[in-house]
Amino acid sequence: MTDDTDGPQGQSAYRRLLADIKSGQLLPGARLRETELAERLGISRTPVREAIRQLEADGLVTHQARQGATIRNLDYAEVIELYVMRSVLEGTASRLAARMAQRVEVVELTELNDALAASEPGAAAQELNRQFHRTLLDAARNRFLVKTMSALQKTLLILGPTTLADPTRPEAAAAEHAAVIRAIAAHDGDAAEAAMRAHVEAALNARIRAMRGREIPMEDE
């Protein structure tokens, strides 16, 4: 067994922890104990330690006194700020896609969205939604935008399970996507950006509803 933290074990540990954060298995405030994680993942502590360092570099993990490495808590203001940035970036991507997208990409967006509209809430809807947004981002033809959006998406993982688990959200999201697709197909950059910004705002509203009743750290705590 190798301890090369840049090799398969370190990368595998990093991806596993990311998946656990995304699924909600590792919630904000959860402690990351190297020994326990190494045992669960069936590897040594060295690649686990490097995976935790990478998560810290991503902004997903912080170190707290007497607790060590923990999954970050986002306060209310940070949640709003994340969605503001998502609105800016994905709005820009939609505007660019209206100019750059090929017909085959518009068809792919339509097919993914139709599948989303017909899907059950939960993991299947989440994966279709991920593919839709990734296809749109690729259609924008801007590698720097892709890189910036990827970094933002990692931070969004801290929020836990998708709002598409809400029984009403997949159908609503698909209707919002459809407005974006129509604008892209018509090469209307203004309308595409406006439709995407409206979609992100609706997603934020759904997120805030999902957070009701949870203990949310306030900015001054």
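## A tour of the predicted model, from the hairpin outwards

Begin by selecting Thr62 and Thr70, for Thr70 in β2 is the bridge partner of Thr62. This is a predicted model, and every stop below should be read with that in mind.

**The hairpin**

Extend the selection to residues 61–64, which form strand β1, and to residues 68–71, which form strand β2; the two strands pair in the antiparallel sense over four bridges. Between the strands of this hairpin there are three residues, and Arg66 takes a positive phi near 65° there. In general, most residues other than glycine have a negative phi, and two further exceptions are visited later in the tour.

**From Arg72 to Glu78**

Next, select Arg72 and Glu78, whose side chains form a salt bridge with the closest N and O atoms 2.6 Å apart. Arg72 is partly exposed, with a relative accessible area of 21%, and Glu78 is likewise partly exposed, at 23%. Because buried means under 20% relative accessible area, Arg72, at 21%, does not count as buried.

**Helix α4: a surface patch and a buried arginine**

Now display helix α4, which covers residues 76–100 and contains Met85. Select Val84, Met85 and Val88 together, and show their surface, since these residues make a nonpolar surface patch of about 220 Å². Met85 itself counts as partly exposed, at 39% relative accessibility.

Buried or exposed: which word applies to Arg86? With a relative accessible area of 11%, Arg86 is buried, and this residue also lies in helix α4. Show the side chains of Arg86 and Glu90, which make a polar contact of 2.5 Å. Then bring up the surroundings of Arg86: leaving aside neighbours within four places in sequence, Arg86 is in contact with Gly91, His133, Met149, Leu152, Leu156, His199, Val200 and Ala203.

**The start of helix α3**

Move to Arg45, which is found in helix α3, residues 45–57. Arg45 is partly exposed, with a relative accessible area of 42%. If you draw a C-alpha to C-alpha distance from Arg45 to Thr35, the value is 6.3 Å, although the two residues are ten residues apart in sequence. Which residues does Arg45 touch, not counting residues up to four places away in sequence? They are Glu34, Thr35 and Ala38, and with Glu34 there is also a polar contact of 3.3 Å between the side chains.

**Two loops with positive phi**

Select Arg141 next, in the loop between α6 (123–139) and α7 (143–156). Its phi is near 60°, a positive value in a residue other than glycine, and Arg141 is partly exposed, with a relative accessible area of 41%.

Continue to His187, whose place is in the loop between α8 (169–185) and α9 (189–211). Phi of His187 is also near 60°, again a positive value in a residue other than glycine. At 56% relative accessibility, His187 counts as exposed.

**Salt bridges around α8 and α9**

The structure holds 15 salt bridges, and the last stops show some of them. Side chains of opposite charge can pair when their charged atoms come close. Select Glu176 and Arg169, which form a salt bridge with the closest N and O atoms 2.8 Å apart; Glu176 is buried, and so is Arg169.

Finally, select Arg197 and Glu193, whose side chains meet in a salt bridge of 3.3 Å, N to O. Why are Arg197 and Glu193 separated by about one helical turn? The reason is that they are four residues apart in helix α9. Their accessibility can be compared by colouring: Arg197 counts as partly exposed, at 33% relative accessibility, whereas Glu193 counts as buried, at 14%. To end the tour, add Arg95 and Asp190 to the selection, for salt bridges that share partners join Arg95, Asp190, Glu193 and Arg197 into one network.

Notes:
Residues are numbered from 1 along each chain as its sequence is written. This is a predicted model: local features need pLDDT of at least 70, side-chain atom pairs count only at pLDDT 80 or more; totals for chains, interfaces and linings use all residues. Side-chain values use heavy atoms; hydrogens and water are left out. Patches are made of residues with over 30% relative accessible area and no salt bridge: like charges are joined within 9 Å, nonpolar side chains (Val, Leu, Ile, Met, Phe, Trp, Tyr) within 5 Å. Accessible areas come from the Shrake-Rupley method with a 1.4 Å probe; for residues, only the protein chains shown count as cover. A salt bridge is a side-chain nitrogen of Lys or Arg within 4 Å of a carboxyl oxygen of Asp or Glu. Buried means under 20% relative accessible area, exposed over 50%, partly exposed in between (1.4 Å probe, protein chains only). Two strands pair if DSSP finds at least two bridges between them. A polar contact is a pair of N or O atoms within 3.5 Å; within protein, one must be able to donate a hydrogen and the other to accept it, and residues adjacent in sequence count only if both atoms are side-chain atoms. Contact means heavy atoms within 4.5 Å.
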